[in-house]
Structure formats: structure tokens, C-alpha cells
Amino acid sequence: MQRLMIADTSDVVRKVGKRILSELGFLVSEAGSSPEVLRRCGVEMPNLLIVDAGMEGAIELMTAIRAMPNGNSVRIYYCVVEADLKKMMLGKRAGANDFLLKPFDRKILTATFGSLAAAA
């Protein structure tokens with residue numbers, strides 16, 4: 001089972017995402033702040049990580065994850081509210097592999113992660 005972490009300051013976003021992604025077959029954990037993400041990744045690196053662009057220190061978080069042991073093995077999805085090219089390029093330079101647009105729903109999460117859950 002693939003491990004996926006949702007890093008978002010919103011409890012609602014994390015809970016909704018966790019419910020949907022758990023149903024797809026992921027072992028989902030949640031973190032509400034950058035320091036919490038780093039702590040959890042230091043214990044066990046997820047296979048996939050969704051990082052909200054609005055979270056304080058999101059860019060620095062992705063850079064720090066990449067610098068950790070096994071940090072290059074995690075697939076990072078940078079979650080943005082709009083397709084802002086400047087913000088997306090900053091995310092890409094910091095280590096994001098891909099992007100998600102918020103708000104996301106079951107259809108978007110299933111389309112993005114459904115095949116990844118099945119491949120595990």
C-alpha cells in the first residue's frame with residue numbers, strides 16, 4: 001500500500017482528501033504545518049506528498065524534503081488555487097513533480113491518483 005501525506009493548513013481539505021484517497025487504497029496521513037510535515041517525513045517518508053501552496057513555508061518545505069535521505073524518492077504534488085505560472089515555476093524549482101488545482105474533488109483526485117494506487 002502506498003503512503004500518501006496531505007500537507008494543508010485546512011482541516012476540512014485534509015479530511016476530505018484523506019477520505020477520498022483512503023478509498024482509492026492509499027495509506028493517508030495528514031499534516032497541518034511545514035514543521036509537522038518535516039517531523040513525519042523524518043520518521044517515515046511517504047511515497048506521495050500533496051503540499052498546499054498557501055501553507056506557510058511551502059517552497060522551503062519541498063526543498064527540505066528533497067534534501068532528506070530518500071527525499072528524492074517522494075513524488076510531490078504542489079497544490080495551487082489558480083494556474084499561476086510564476087508560483088508553479090517556483091514550486092517546480094523547489095522540487096514539485098506535478099501540480100493539483102484547488103479546490104479538488106473526488107473526480108480530480110481519482111483521475112490524478114487512481115492509477116498510482118492501482119500500481120502499488
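This passage describes the fold of one protein chain, from its overall form to selected residues.

The model is predicted. The protein chain holds five helices and five strands. Along the sequence, these elements follow the pattern β-α-β-α-β-α-β-α-β-α. The C-alpha trace spans about 30 × 30 × 25 Å along its principal axes. For 120 residues, a compact globule would have a radius of gyration near 14 Å. The protein chain has 13 Å, which agrees with that expectation. Of the 120 residues, 42% are buried. The exposed surface of the protein chain comes to about 6,400 Å². Carbon and sulfur atoms supply 56% of this surface. Contacts with a sequence separation of 6 or more were also examined. Of these, 59% join residues 24 or more positions apart.

The five strands form an open sheet. Their order is S2-S1-S3-S4-S5, and the pairing is parallel. Strand S2 (27–31) and strand S5 (98–101) stand at the edges. Each of these two has a single partner strand, so one side of each is left without a neighbour in the sheet. From one strand to the next, the twist averages 20°.

The pairings can be followed strand by strand. Strand S1 (residues 3–7) pairs with S2 in the parallel sense over five bridges. S1 also pairs with S3, again in the parallel sense, over four bridges. Met5 shows both pairings: it stands opposite Ser29 in S2 and opposite Leu49 in S3. On the next step across the sheet, five bridges join S3 to S4, and these strands run parallel. Here Leu48 has Arg75 in S4 as its bridge partner.

Helices pack against this sheet. Helix H1 (residues 11–23) lies across S1, S2 and strand S3 (48–52). The direction of H1 runs at about 170° to S2. Helix H4 (residues 85–94) also packs on the sheet, where it touches strand S4 (75–80) and S5. The direction of H4 makes about 160° with that of S4.

Strand S3 is mostly covered, with five of its five residues buried. The cover extends to both faces of S3. Leu48, Ile50 and Asp52 are buried on one side, and Leu49 and Val51 on the other. Asp52 belongs to strand S3. The relative accessibility of Asp52 is 7%, under the 20% limit, so this residue counts as buried. Beyond its neighbours within four places in sequence, Asp52 is in contact with Ala7, Asp8, Thr9, Ala58, Cys79 and Lys102.

Lys102, one of these contacts of Asp52, also takes part in a cis peptide bond. The bond runs from Lys102 to Pro103, with omega near 0°. Pro103 lies in the loop between S5 and helix H5 (106–119).

The segment before S1 contains Gln2. Gln2 has a relative accessible area of 18% and is therefore buried. The side chain of Gln2 reaches the backbone oxygen of Leu116 at 3.0 Å.

Two residues stand out for description in the loop between helix H3 (58–67) and S4. Asn70 lies in this loop. Asn70 has a positive phi of about 65°, although this residue is not a glycine. With a relative accessible area of 59%, Asn70 is exposed. Met68 has its place in the loop between H3 and S4 as well. Not counting residues up to four places away in sequence, Met68 touches Leu38, Cys41, Gly42 and Met45. Met68 and Met45 are 23 residues apart in sequence. In space, their C-alpha atoms are 9.1 Å apart.

How values were computed:
Residues are numbered from 1 along each chain as its sequence is written. This is a predicted model: local features need pLDDT of at least 70, side-chain atom pairs count only at pLDDT 80 or more; totals for chains, interfaces and linings use all residues. Side-chain values use heavy atoms; hydrogens and water are left out. Two strands pair if DSSP finds at least two bridges between them. Axes are lines fitted to C-alpha atoms, for helices over the stretch in contact, and angles run from 0 to 180 degrees between N-to-C directions. Contact means heavy atoms within 4.5 Å. Buried means under 20% relative accessible area, exposed over 50%, partly exposed in between (1.4 Å probe, protein chains only). A polar contact is a pair of N or O atoms within 3.5 Å; within protein, one must be able to donate a hydrogen and the other to accept it, and residues adjacent in sequence count only if both atoms are side-chain atoms. The radius of gyration is taken over C-alpha atoms; the globule rule is 2.2 Å times the number of residues to the power 0.38. Accessible areas come from the Shrake-Rupley method with a 1.4 Å probe; for residues, only the protein chains shown count as cover.
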